Amino acid sequence: MPRFEGDPRPLPGARYAILASRWNPRITEALLDGARRALDSHGVPEAAVDVVHVAGAWELPVAATASARTGRYPALIALGCVIRGETRHFEQVADECARGLMRVALDHALPVANGVLAVELHAHAEARAGGVHGNKGEEAALVALEIAHLLD
């Protein structure tokens, strides 16, 4: 029985895009650093990584759509952080961001690694941006490499 699985190594000559929210900058910069380190340690040269900054998680799907339409990238990495507040805004932003990123992936048959944290407390975000739960930016970058490799 054939077995198919990806490998977290870059496709020869490929460029990768990281789409990063500026909202909650201490967290998102840590996620971005983790993604860059993961790509670098798996053989993606810094010159082959485009970083697109957007205001917040809400804007990530439209930036992902524009990036997907260029046809330049075998995968996208979306990074952001939404922390629950006192209003429903948290659910709207987190849910619609995830839904929008999935729509881009399906509409363009393109891996879009969702590294957008949706957490209750700032401490939970810190734990996932280089703390006790690792760095979800790093994990998202590895997923992007693996799925792009699988689809290739």
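Strand β3 is mostly covered: of its eight residues, seven are buried. This is a predicted model, and β3 is a good place to enter it. The strand spans residues 76-83.

What does β3 pair with? On one side there is β1, joined to β3 by four bridges. These two strands run parallel. One bridge can be picked out by its residues: L19 has A78 in β3 as its partner. Then there is β4, joined to β3 by eight bridges. Again the strands run parallel. Here G80 has V116 in β4 as its bridge partner.

Now widen the view to the sheet. Strands of a sheet pair through backbone hydrogen bonds, either parallel or antiparallel. In this model the sheet is open and has four strands, with parallel pairing. Read across, the order is β2-β1-β3-β4. Which strands form the edges? They are β2, residues 49-54, and β4, residues 112-119. Each of them pairs on one side only. Neighbouring strands are turned against each other by 15 degrees on average, direction ignored.

Next, move to β1, residues 16-21. Six bridges join β1 to β2, and these strands run parallel. S21 belongs to β1. Opposite S21 stands V54 in β2.

Is S21 buried or exposed? S21 has a relative accessible area of 2%, so it is buried. The cut-off for buried is under 20%. Look at what touches S21, leaving aside neighbours within four places in sequence. The contacts are T28, V54, A55, G56, A57, L60, L79 and G80. V54 is thus both a contact of S21 and the residue opposite S21 in β2.

Helices come next. Helix α1 covers residues 25-41. α1 lies across β1, β2, β3 and β4. Its direction is at about 155 degrees to β3. Helix α2, residues 60-70, packs on the sheet as well. α2 touches β1, β2, β3 and β4. Its direction makes about 165 degrees with that of β1.

Helices also meet other helices. Take α1 and helix α5, residues 136-151. Their axes come within 6 Å and cross at roughly 40 degrees. That angle makes α1 oblique to α5. The crossing is right-handed. Which residues of α1 and α5 meet? From α1 come L31, G34, A35, A38 and L39. From α5 come K136, G137, E138, A141, L142 and L145. By class, this contact has seven nonpolar, two polar and two charged residues.

The second pair is α2 and helix α3, residues 89-108. Their axes come within 8 Å and cross at roughly 15 degrees. Why is α2 called roughly parallel to α3? Angles under 35 degrees count as roughly parallel, and the crossing at roughly 15 degrees therefore makes α2 roughly parallel to α3. This crossing, too, is right-handed. On the α2 side, the contact is made by L60, P61, A64, T65, A68 and R69. On the α3 side, E96, C97, G100, L101, V104 and H108 take part. These residues divide into seven nonpolar, three polar and two charged.

Finally, go back to the start and trace the path once more. β3 is joined to β1 and to β4. β1 is joined to β2. α1 lies across the strands, and α2 packs on the sheet. α5 meets α1, and α3 meets α2.

Note on methods. Residues numbered from 1 in each chain as written. Predicted model: local features only at pLDDT ≥ 70, side-chain atom pairs only at ≥ 80, totals over all residues. Heavy atoms only, no water. Axes fitted to C-alpha atoms, helices over the stretch in contact; angles between N-to-C directions. Parallel < 35°, antiparallel > 145°, perpendicular 65-115°, else oblique. Left-handed = near helix turned anticlockwise from the far one by under 90°. Contact = heavy atoms within 4.5 Å. Nonpolar A, V, L, I, M, F, W, Y, C, P; charged D, E, K, R; others polar. Buried < 20%, exposed > 50% of the residue type's maximum accessible area, 1.4 Å probe, protein only. Pairing = 2+ DSSP bridges.
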